[in-house]
Amino acid sequence: MNVTRIHSMEFETKKALKKRMKGYRKQAREQFPEAELLMTIRTSPRSILAISAYPDQETADTNFANREKFMHKVKDNWFMEGSVDRLQLN
């Protein structure tokens with residue numbers, strides 16, 4: 001069973017978000033090598049939704065601990081998780 005996590009993050013400033021996304025684009029694959037999917041969606045000038053999928057709960061939990069290391073400059077955040085019932089890419 002896969003585990004997919006949706007994580008909402010709001011940053012103090014647009015500049016803080018821009019800086020975080022620049023680093024994330026360069027380092028995401030090495031920071032979260034077990035992830036089957038890494039996707040971010042900008043929802044406002046200072047916030048994003050990050051969607052990540054992992055092969056199982058244990059891997060997701062390990063990567064959650066890794067993600068927490070990078071949350072120190074986030075103003076507010078929340079997450080929820082579940083399994084993907086359907087995925088269609090065209």
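**Figure 1. The open sheet of the predicted model has four strands in the order S2-S3-S1-S4, with antiparallel pairing.** Strands, like helices, are DSSP runs numbered from the N terminus (H or I over at least four residues for a helix, E over at least two for a strand), and two strands pair if DSSP finds at least two bridges between them. The edge strands are S2 (37-44) and S4 (74-82), each of which pairs on one side only. From one strand to the next, the twist averages 15°, where axes are lines fitted to C-alpha atoms, for helices over the stretch in contact, and angles run from 0 to 180 degrees between N-to-C directions. This is a predicted model, in which local features need pLDDT of at least 70 and side-chain atom pairs count only at pLDDT 80 or more, whereas totals for chains, interfaces and linings use all residues. Residues are numbered from 1 along each chain as its sequence is written, and side-chain values use heavy atoms, with hydrogens and water left out.

**Figure 2. Strands S1 and S3 pair in the antiparallel sense, and helix H1 packs on the sheet.** Strand S1 covers residues 3-11 and strand S3 residues 47-54, and eight bridges join the two. Met9 has Ile48 of S3 as its bridge partner. Helix H1 (residues 14-31) touches S1, S2, S3 and S4, and its direction makes about 170° with that of S2; contact here means heavy atoms within 4.5 Å.

**Figure 3. Arg5, Asp61 and Glu81 are joined into one network by salt bridges that share partners.** A salt bridge is a side-chain nitrogen of Lys or Arg within 4 Å of a carboxyl oxygen of Asp or Glu, and the structure holds three of them. The side chains of Asp61 and Arg5 meet at 3.8 Å, N to O; Asp61 lies in helix H2 (residues 57-68) and Arg5 in strand S1, so this pair ties together parts that are 56 residues apart in sequence. Arg5 also meets Glu81 in a salt bridge, at 2.5 Å from N to O, and this pair links strand S1 with strand S4 across 76 residues. Arg5 is buried at 3% relative accessibility, whereas Asp61 is partly exposed at 41% and Glu81 is partly exposed at 37% (buried means under 20% relative accessible area, exposed over 50%, and partly exposed in between, with a 1.4 Å probe and protein chains only).

**Figure 4. Glu10 and Arg46 form a salt bridge.** The closest N and O atoms of the two residues are 3.1 Å apart. Glu10 belongs to strand S1 and Arg46 to the loop between S2 and S3, so that the pair links parts of the chain 36 residues apart. Both residues are partly exposed, Glu10 at 25% relative accessibility and Arg46 at 26%.

**Figure 5. Leu17 of helix H1 is a buried residue.** The relative accessibility of Leu17 is 0%. Leaving aside neighbours within four places in sequence, Leu17 is in contact with Phe11, Arg42, Ser44, Pro45, Arg46, Ser47 and Ile48. Gly82 is 65 residues from Leu17 along the chain, and the C-alpha atoms of these two residues are separated by 26 Å.
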